[in-house]
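Biologist: I'm new to this one, could you take me through it slowly?
Modeller: Gladly, let's put it on the screen and begin.

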Amino acid sequence: MSIQQNLEHILSRIRSAELRAGRPAGSARLVAVSKTFPVDDVKACYDAGQRIFGENRVQEALGKIPALPPDTEWHLIGPLQRNKVRKALEHFTLIHAVDSLRLAQFMDAVAQETGKRPRILLEVNVGDEDSKFGFSPETLEREWPELAALDHLEIAGLMCIPPPVENPDEARPYFRRLRELKETLSGKGGAPLRELSMGMSHDFETAVEEGATLVRVGTAIFGGRSYAPAP
Ligand SMILES: *Cc1c(COP(=O)(O)O)cnc(C)c1O
């Protein structure tokens with residue numbers, strides 16, 4: 001199967017999941033995760049109509065961004081180190097994985113200096129895994145007033161990577177938890193949270209059924225990754 005065929009297939013599955021959930025067409029948008037894939041693959045996907053691409057690492061993305069037309073939207077979906085914040089704010093339209101109050105405060109200070117108001121998502125460790133990045137749901141609720149007060153950031157929503165499961169349906173409670181957390185926080189000050197970034201190749205349909213507005217799909221579009229990206 002070509003990248004174009006894969007893309008069409010994924011888009012139609014997203015549409016069916018929207019329909020099943022009674023959601024409007026286009027309310028769940030696809031982020032094509034191009035990490036580890038060469039720029040020619042990204043171009044093939046762009047030519048097939050895709051405009052939003054997700055990369056894990058700032059450095060790797062910087063090699064691809066200039067090769068794509070300017071209407072391409074780049075999202076940073078991997079963990080962000082402080083020393084990459086400036087570059088990230090310059091090149092990405094959405095940063096998905098802001099995982100601590102400290103990082104958010106630092107980004108707010110950099111944004112103030114540069115006069116930008118970047119859009120970010122907060123990563124939530126919905127499975128309460130020791131090994132995972134992200135706010136625990138409890139910490140996020142506790143720190144929310146401080147986060148919501150960061151004037152130079154637009155906190156657009158929440159993101160999660162649930163624990164690995166065999167069957168996509170087992171991920172459903174985690175997606176639901178993220179949606180409920182978004183609803184809880186939306187009533188507690190700050191701008192309304194609109195985005196829920198959740199769902200990957202093996203479980204994006206479940207995520208759409210549970211309210212995902214952004215699904216991050218790599219393997220199902222580009223094929224298997226031949227090497228693991230560095231963290
Ligand atoms: C790699 C990655 C994805 C895509 O995963 P696939 O299983 O290849 O669809 C999604 N989200 C994040 C944060 C990733 O690192």
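**A walk through the model**

Modeller: Let me start with Q5, which is found in helix 1, and add early on that we are looking at a predicted model.

Biologist: Okay, is Q5 buried, exposed or partly exposed?

Modeller: Q5 counts as partly exposed, since its relative accessibility is 41%, and the cut-offs put partly exposed residues between 20% and 50%.

Biologist: And how far are the C-alpha atoms of Q5 and C45 from each other?

Modeller: They are separated by 9.8 Å, although Q5 and C45 are 40 residues apart along the chain.

Biologist: What about E18, where is that?

Modeller: E18 also has its place in helix 1, which covers residues 3–20, but E18 counts as buried, at 2% relative accessibility.

Biologist: So what does E18 touch, leaving aside its neighbours within four places in sequence?

Modeller: With those neighbours left aside, E18 is in contact with R23, P24, A25, G26, S27 and A28, and also with V208. For D47 the picture is a separation of 24 Å in space from E18, C-alpha to C-alpha, with their positions 29 residues apart in sequence.

Biologist: Switching topic, which residues touch the most other members in the largest nonpolar core?

Modeller: That core has 62 residues, and the ones touching the most other members are I95, M107, L122, L140, L147 and I221. Helix 5, made of residues 101–114, gives the most to this core, contributing six residues.

Biologist: Is there some general background to that?

Modeller: There is a broad tendency in soluble globular proteins for nonpolar side chains to be buried together.

Biologist: You listed I221, so what is I221 in contact with, beyond its neighbours within four places in sequence?

Modeller: Beyond those neighbours, I221 is in contact with I3, N6, L7 and I10, and likewise with L30, A32 and C45. There is also a second, separate core of eight residues, and V31, I52, A156 and M159 are among them.

Biologist: Now the helices, at what angle do helix 5 and helix 6 pack?

Modeller: The angle is about 5°, and their axes are 11 Å apart. Angles under 35 degrees count as roughly parallel, and therefore helix 5 and helix 6 are described as roughly parallel to each other.

Biologist: Which residues make that contact?

Modeller: Helix 5 brings L101, A104 and Q105, while helix 6 brings E143, E146 and L147. Sorted by class, this contact of helix 5 with helix 6 has three nonpolar residues, one polar residue and two charged residues.

Biologist: And helix 6 with helix 7, how do their axes cross?

Modeller: The axes of helix 6, residues 137–148, and helix 7, residues 172–186, cross at roughly 15° and come within 11 Å, so these two helices are also roughly parallel to each other. The crossing of helix 6 and helix 7 is right-handed.

Biologist: Who makes the contact there?

Modeller: On the helix 6 side there are P137, E138, L140, E141 and W144, and on the helix 7 side R177, L181, T184 and L185. Those residues divide into five nonpolar, one polar and three charged.

Biologist: Let's change topic to the backbone, what is phi of T36?

Modeller: Phi of T36 is near 75°, which is a positive value in a residue other than glycine. As background, most residues other than glycine have a negative phi.

Biologist: Where is T36, and is it buried or exposed?

Modeller: T36 has its place in the loop between strand 1 (29–33) and helix 2 (39–47), and T36 is buried, with a relative accessible area of 10%.

Biologist: What is phi of D128, and where does D128 sit?

Modeller: D128 has phi near 50°, again a positive value in a residue other than glycine, and its place is in the loop between strand 5 (119–124) and helix 6. D128 is partly exposed, with a relative accessible area of 44%.

Biologist: Last one, what does V58 touch, not counting residues up to four places away in sequence?

Modeller: V58, which lies in helix 3 (residues 58–64), counts as buried at 6% relative accessibility. Not counting those nearby positions in sequence, V58 touches L76, L80, K84, K87, A88 and F92.

Technical notes
Residues numbered from 1 in each chain as written. Predicted model: local features only at pLDDT ≥ 70, side-chain atom pairs only at ≥ 80, totals over all residues. Heavy atoms only, no water. Axes fitted to C-alpha atoms, helices over the stretch in contact; angles between N-to-C directions. Helix = DSSP H or I, 4+ residues; strand = E, 2+ residues; numbered from the N terminus. Parallel < 35°, antiparallel > 145°, perpendicular 65-115°, else oblique. Left-handed = near helix turned anticlockwise from the far one by under 90°. Contact = heavy atoms within 4.5 Å. Nonpolar A, V, L, I, M, F, W, Y, C, P; charged D, E, K, R; others polar. Core = buried A, V, L, I, M, F, W, Y, C linked by side-chain atoms within 4.5 Å. Buried < 20%, exposed > 50% of the residue type's maximum accessible area, 1.4 Å probe, protein only.
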